[in-house]
Structure formats: structure tokens, C-alpha cells
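Visitor: I'm new here and would love a close look at a single part. Please show me the surroundings of the ligand, and then walk me on from there to the way the helices pack.

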Amino acid sequence: MTEPLANAYREFAHNAPLYAELGAGVAGDRELLAWLDGLPQGKRQPNLVFAAYRLVAGTPSGWTEFETTLKDRRDEVEAVMLARRTQTNEAARCALMLPLLAALPQPLALLEVGASAGLCLLPDRYAYDYDDGAHTLGTGPPVVRCRTEGSPPLPTRLPEIAWRAGLDLDPIDVFDEDRIRWLELLIWPGMEHRVETLHHAVAVARQDPPRIVQGDLTTSDLDDLAAEAPSDATLVIFHTAVLFYVPRVGRAIFRTKVRELGATWLACEGPDILGFENDRDDVMALTRDGERVAYADGHGGYLSWG
Ligand SMILES: C[S@@+](CC[C@H](N)C(=O)[O-])C[C@H]1O[C@@H](n2cnc3c(N)ncnc32)[C@H](O)[C@@H]1O
């Protein structure tokens with residue numbers, strides 16, 4: 001029973017040394033695997049355990065500290081795991097969307113589904129640095145850094161956004177310190193630049209928070225929100241790292257709705273989620289109206305056009 005779970009831990013976070021060490025440790029610890037196996041579905045994944053541990057006991061120095069402390073404080077860690085979910089909000093993904101947004105007729109009405117705290121709804125309020133200073137625009141912080149390949153059409157102007165709103169099953173209030181702290185803990189150790197971007201983007205959002213409505217992207221919640229968009233702006237419905245959480249049938253309902261609403265549809269998701277061949281598990285596909293235009297790093301670090 002515990003073998004698939006052991007593999008998930010063994011294969012977790014190869015590019016984050018501390019989490020790779022903890023993952024390997026859990027994979028070889030029958031007692032911890034048995035405990036995890038007894039938790040409900042969706043509550044056993046490595047990032048949830050490690051973030052819950054860090055909330056309870058801080059970031060461990062390595063496997064020995066983690067194992068000892070987890071065995072001492074397992075009830076506290078489990079309570080956090082049962083109460084919380086993994087969630088992200090990566091403002092750096094705006095660097096991937098920017099060329100597509102800027103190429104559309106302006107102004108834009110931006111509707112993000114799976115918006116989390118809405119940090120990806122603010123692409124006009126960040127600074128961008130593509131290719132180590134080769135192409136910059138906007139005012140930061142945050143300064144979102146992105147490497148490119150294949151000459152994406154990098155814009156010289158930020159998009160003009162006339163209206164913006166988000167939809168999420170579980171919206172995050174940017175003023176809720178506890179929820180922001182949890183977002184921070186879900187970022188793997190060693191990726192401090194992502195924590196820094198999160199803090200800066202939250203500070204920007206707090207100046208004028210985007211409106212995030214609680215609702216489901218597969219239902220009339222989407223139609224109701226889209227109906228509020230001004231008709232003289234280009235309606236863009238977009239999402240990043242969301243459809244993985246939506247069952248296949250829900251994804252099809254969503255795509256039909258977007259078509260019926262006459263919106264431009266931008267997506268950044270795992271290639272297989274969008275129906276493309278996936279020979280790499282570390283990239284996202286970036287699509288416009290269902291056509292793939294690029295592959296990209298899941299956290300906005302690079303954009304490979306074409
Ligand atoms: C991994 S987070 C990504 C957040 C953000 N798009 C980003 O790229 O940083 C996925 C988000 O999708 C939301 N979500 C999942 N299923 C949803 C649904 N059916 N309708 C609306 N939101 C959903 C979750 O609550 C979560 O906030």
C-alpha cells in the first residue's frame with residue numbers, strides 16, 4: 001500500500017536539496033509511511049507535510065532533526081495538514097502572460113480563474129527583467145526576472161487594464177497574515193527569490209487589492225462574474241496552475257463556457273492538462289485560445305517561445 005507513497009516522497013523535489021533529503025528519509029521510514037497512508041486522500045503529499053512541519057516547528061536542518069521532531073509533534077503537524085491545503089500564488093507567472101496580454105487590443109478586462117490571492121491579476125503593477133537586463137519594463141518591486149528562448153514578442157508597454165476580477169473556490173485575503181504565511185511556507189527552502197517576490201507582490205496588492213469572488217470556474221459563477229466586465233474592453237479569461245485541480249469533465253465545461261462568453265482564453269498549465277504531449281514533467285504549456293505558443297517554467301523563471 002505504501003509503495004506509491006514512498007515513490008512520491010523519493011521523487012519529490014530533486015532540485016531542492018533539503019526537501020530531497022527529507023523525501024528520501026520519509027520514503028525509507030516505514031512508520032512515517034504507515035502514518036501518512038492512514039491520512040485522507042489529498043492529505044499525504046510531501047509539500048503539505050513539510051509546510052505543516054515548518055509551521056509547527058520551523059525549517060529543519062536535515063532529516064535527523066525532522067524525523068525526531070515529527071515523531072514528537074506528529075499530532076500538531078497532522079492537525080495543520082488536515083486543516084489546510086496546498087495553494088500557491090506566483091506573481092512571477094505574470095512574466096509569462098505579459099507578451100500575450102500586451103499583444104491584444106487594449107484595454108483589457110482581466111478575469112482570472114483560480115486566482116488565489118489575485119497576485120497574477122496585477123501584471124501592470126510589477127517590473128520585469130527579461131534576460132538579465134536585456135529587456136526591462138515597469139516599476140518594481142517586485143522585479144520579476146525571466147530568461148527567454150526563441151524570441152518571444154516582449155512588449156515595450158505594460159497592458160492597459162480597465163477591469164480585473166478573480167474567481168476562486170478558496171480566495172485569499174491579501175491582508176490575512178496567516179494565509180500569506182502559509183503561502184510562504186509552501187515555497188520550497190532554497191527558493192528565497194520566490195518568497196521575496198511574494199512579499200513584494202502582496203505589498204503591491206495591499207495598496208489596491210484585486211477583487212476575488214468565491215466561486216467555481218465550472219459553474220455559472222464564471223458567467224456571472226464575466227457579465228460584470230465592461231463591453232468595450234477585451235475580455236481575457238486566464239489561469240495558471242489551476243486545471244490540475246479540476247476534474248476532466250469540469251475542464252471541458254469550463255472551455256465551453258469561455259468559448260460561449262467570446263473571451264480570449266490564456267492558459268499556463270501542465271502540457272498534459274491542456275491536451276499536449278508531455279515529454280518533460282518540469283514545464284508548463286502556455287496557450288492562447290487553445291494553441292500552444294510556448295513552454296515555460298512553472299514558476300515564471302523562463303519562457304521558451306515556439
Ligand atoms: C495552485 S493554485 C494557483 C493560483 C494562481 N493561479 C497562481 O498561479 O499562483 C490553484 C488555485 O485554484 C483554485 N481552484 C481549484 N479548483 C477551482 C475551481 N473549480 N474553481 C475556482 N478555483 C479553483 C484553488 O483554490 C487555488 O487557489
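**From the ligand to the helices**

Guide: Happy to! Of the 21 residues around the ligand, Gly114, Ser116, Leu217, Thr240 and Tyr245 come nearest. Please keep in mind that this is a predicted model. Sorted by class, the shell around the ligand holds 9 nonpolar, 7 polar and 5 charged residues.

Now let's step back to the domains. The domain assignment splits the protein chain into domain 1, residues 3–83, and domain 2, residues 91–305. Their C-alpha centres are 30 Å apart. Where the two domains touch, 10 residues of domain 1 are in contact with 6 residues of domain 2. On the domain 1 side, helix H2 (17–27) and helix H4 (46–57) each contribute at least two residues to this contact. H4 gives the largest share, with 4 residues. Taken by class, this side of domain 1 has 7 nonpolar residues, 2 polar ones and 1 charged one.

Both of those helices have packing partners, so let's visit each in turn, beginning with H4. Two packed helices are described by the angle between their axes and by the distance between those axes. For H4 and helix H6 (residues 74–83), the axes come within 9 Å and cross at roughly 120°. At that angle, H4 counts as oblique to H6. The crossing of H4 past H6 is right-handed. On the H4 side, Leu48, Val49, Ala52, Tyr53, Leu55 and Val56 take part, and they meet Glu76, Val77, Val80 and Met81 in H6. This contact of H4 with H6 is made of 9 nonpolar residues and 1 charged residue, with no polar ones.

Next comes H2, whose partner here is helix H1 (residues 3–10). H1 and H2 pack at an angle of about 160°, and their axes are 7 Å apart. That angle makes H1 roughly antiparallel to H2. H1 passes H2 in a left-handed crossing. From H1, the residues Ala6, Tyr9 and Arg10 meet Gly23, Ala24, Val26 and Ala27 in H2. By class, the contact of H1 with H2 has 5 nonpolar residues, 1 polar and 1 charged.

To retrace the route on the structure, start with Gly114, Ser116, Leu217, Thr240 and Tyr245 by the ligand. Then find H2 and H4 on the side of domain 1 that touches domain 2. From there, follow H4 to its oblique partner H6, and H2 to H1, which is roughly antiparallel to H2.

Key. Residues numbered from 1 in each chain as written. Predicted model: local features only at pLDDT ≥ 70, side-chain atom pairs only at ≥ 80, totals over all residues. Domains from an automatic or database assignment. Contact = placed C-beta atoms within 7 Å. Nonpolar A, V, L, I, M, F, W, Y, C, P; charged D, E, K, R; others polar. Near = placed C-beta within 6 Å. Axes fitted to C-alpha atoms, helices over the stretch in contact; angles between N-to-C directions. Parallel < 35°, antiparallel > 145°, perpendicular 65-115°, else oblique. Left-handed = near helix turned anticlockwise from the far one by under 90°.
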